[in-house]
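Please look over the structure shown here before reading on. The turns after it take up the chain as a whole and then a few of its parts.

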Amino acid sequence: MDNKKKLHWEKVYLEKSPDQVSWTQSYPIVSMEMIKGFNLDKSAPIIDIGGGDSLLIDFLLQEGFIDITVVDISARALQKAKQRLGDLAGQIHWIVADIMEFKPQRTYAVWHDRATFHFLDSPGEIERYVTMAERFTGDYLVMATFSPAGPEKCSGLPVSRYDENGLQEVFKNGFTKIESRQHEHLTPMQSSQDFLFCSFKKDKIN
């Protein structure tokens, strides 16, 4: 595991509360609308990459989904989420892992990422991520990144920004785009960040 990267995120989650980090959403509207739009069975497995202490899992549980996995490099982030959920935390599969070292043990109906992919900047990392997502996504992929109008850094780290064509190009082998949406995210500090959300359907091999 990249200890420098892990220490960075552990420090963030130690020192800052949800209302002090830019990515906090009181309701993850675009993610939820896209996932609900897939009309999945409630038993369909969903994975949230880099989910941290995001509220997405809370609302997925409210919708009745029963097979949810959260992966994050920060053990402290997942501990915060567990504390927030209380008894409901036992219904979630929690995995502490650097995405570059994550080895999924199963296929997921939905692979969701609003927090991790845009931190990857080397072609090798991006290729490895895409290969993994293609292999372990059964039906749908939901990717969110900063758009070209979005910030160049997040939590002090550089990010890669994508437009609709750029993100579609990255995932063109194995996925067909369903829709894309620009979304202006209002941070807890009342600043705005421009995101691009894209949903994809996994191509079926005949």
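The questions and answers below concern a predicted model.

Q: How many helices and strands are there in the protein chain?
A: The model is a predicted one, and its protein chain has 206 residues, of which buried residues make up 50%. Counted by secondary structure, the chain holds six helices and nine strands.

Q: Among contacts in the protein chain with a separation of 6 or more, what percentage is accounted for by residues 24 or more positions apart?
A: The figure concerns contacts with a separation of 6 or more, and it asks what part of them joins residues 24 or more positions apart. For the protein chain, that part is 70%.

Q: Which residue in β4 is the bridge partner of Ile46?
A: Strand β1 pairs with two strands in the parallel sense, with four bridges to β2 and four bridges to β4, which spans residues 108-113. On the β2 side, Ile46 stands opposite Ile68. In β4, the bridge partner of Ile46 is Val110.

Q: Which helix makes a β-α-β unit with β1 and β2?
A: The strands β1 and β2 run parallel, and both faces of β1 are covered, with Ile46 and Asp48 buried on one side and Ile47 and Ile49 buried on the other. The unit formed with these two strands is right-handed, and its helix, residues 56-62, is α3.

Q: Which residue has its backbone nitrogen 2.9 Å from a polar atom of the side chain of Asp72?
A: Asp72 lies in strand β2, residues 68-72, and because its relative accessible area is 7%, under the 20% cut-off, Asp72 is buried. Leaving out residues up to four places away in sequence, Asp72 touches several residues, including Gly50, Gly51, Gly52 and Ile95. The backbone nitrogen that lies 2.9 Å from a polar atom of its side chain belongs to Gly52.

Q: Why does Thr145 count as buried or exposed?
A: Thr145 sits in strand β5, residues 137-146, and beyond its neighbours within four places in sequence it is in contact with residues that include Phe117, Tyr162, Leu167 and Phe195. Because its relative accessibility is 0%, which is under the 20% cut-off, Thr145 counts as buried.

Q: Is Asn39 buried or exposed?
A: Asn39 is found in the loop between α2 (29-37) and β1 (46-49), and it has a positive phi of about 55 degrees although it is not a glycine. Because its relative accessibility is 67%, over the 50% cut-off, Asn39 counts as exposed.

Conventions. Residues numbered from 1 in each chain as written. Predicted model: local features only at pLDDT ≥ 70, side-chain atom pairs only at ≥ 80, totals over all residues. Heavy atoms only, no water. Buried < 20%, exposed > 50% of the residue type's maximum accessible area, 1.4 Å probe, protein only. Contact = heavy atoms within 4.5 Å. Polar contact = N/O pair within 3.5 Å; in protein donor to acceptor, adjacent residues only side chain to side chain. Pairing = 2+ DSSP bridges. Right-handed = clockwise from strand over helix to strand, strands pointing away.
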